[in-house]
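The following note sets out some points for a reader who is new to protein structures. Please keep the model in view while reading.

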Amino acid sequence: MQAMARVMLLVILFTAGVIRYAASQEQVAVTYEKDVKSIISKRCLLCHGSNAPTIEEFNKDKEGFKQQNKGPRMDTYENLMIFVNGTDTGALMRRLDDGKNTKDGNAGNMYKTLGGTDVERAENLVVIKKWIGGWTLKRNAEITDAERKAIKALEK
Ligand code: HEC
């Protein structure tokens, strides 16, 4: 009888452990609302904010907007996702990579704006990489279905 009680106690403790682990995993999931929005807002929206052109407008006059130091609009989750997993898949990753995954070993040209110091840039890149999940620099035409599925980039 005592052995039975001990087994049951073990089962209960194990189950509680599994539930606690699952809950903690959920808490660490990086999301746009919780973790990414504030980085983008602080480091990118000066030039990619709501007063910047939509991607369609931008594509019609790239040179003109570059001269005004305006890039395409990334002010909302939907607008940002265009550059993660949309018509411009991988653009965010290509521009933000620190050089570890680029062909020429150079960082993407927006990496420098990711922070005011090397440490801040590196920390913000870690958050964005975790958020995206499967970090790939590939474009729409090159990306495989499996690679696309690996891009998580949760909103909430
Ligand atoms: C000082 C202004 C400025 C800041 C700050 C800035 N960008 Fe840019 N960005 C530009 C301009 C201008 C372009 C277009 C010229 C080019 O392609 O380099 C651009 C282009 C891009 C593109 C390519 C878009 C496309 O489809 O061609 C991405 C992606 C991008 N930026 C992401 C970011 C991210 C993410 C941040 C913040 C970490 C950021 N940028 C910060 C000015 C800026």
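1. The model discussed here is predicted. A good place to begin is helix H2, in which Tyr-32, Val-36 and Ile-40 are buried. These residues cover an arc of only 50 degrees around the axis, so they lie on the same side of H2.

2. What do the buried residues of H2 pack against? Their partners are helix H3 (45-48), helix H6 (77-85) and helix H8 (118-132).

3. The length of H2 (residues 32-43) may also be checked. Its end C-alpha atoms are only 15 Å apart, whereas a straight helix of twelve residues would span 16 Å at 1.5 Å a residue.

4. Turning to the whole protein, the secondary structure consists of nine helices and zero strands. In sequence order the pattern reads α-α-α-α-α-α-α-α-α. The radius of gyration is 21 Å, well over the 15 Å that the globule rule gives for 156 residues; the protein is therefore more spread out than a compact globule.

5. The dimensions of the protein may be read beside that value. Along the principal axes, the C-alpha trace spans about 80 × 30 × 30 Å.

6. How is the protein divided into domains? Domain 1 covers residues 1-28 and domain 2 covers residues 31-150. The C-alpha centres of domain 1 and domain 2 are 42 Å apart.

7. Two figures describe burial and contacts across the protein. Of its 156 residues, 17% count as buried. Among contacts with a separation of 6 or more, 52% join residues 24 or more positions apart.

Note on methods. Residues are numbered from 1 along each chain as its sequence is written. This is a predicted model: local features need pLDDT of at least 70, side-chain atom pairs count only at pLDDT 80 or more; totals for chains, interfaces and linings use all residues. Domain bounds come from an automatic or database domain assignment. Helices (H or I, at least four residues) and strands (E, at least two) are DSSP runs, numbered from the N terminus. The radius of gyration is taken over C-alpha atoms; the globule rule is 2.2 Å times the number of residues to the power 0.38. A residue is buried if 20 or more other C-beta atoms lie within 10 Å of its own, exposed if 12 or fewer, and partly exposed in between; C-beta atoms are placed from the backbone. Two residues are in contact if their C-beta atoms, placed from the backbone, lie within 7 Å. The expected span of a helix is 1.5 Å times one less than its number of residues. The arc is that of the directions from the helix axis to the C-beta atoms.
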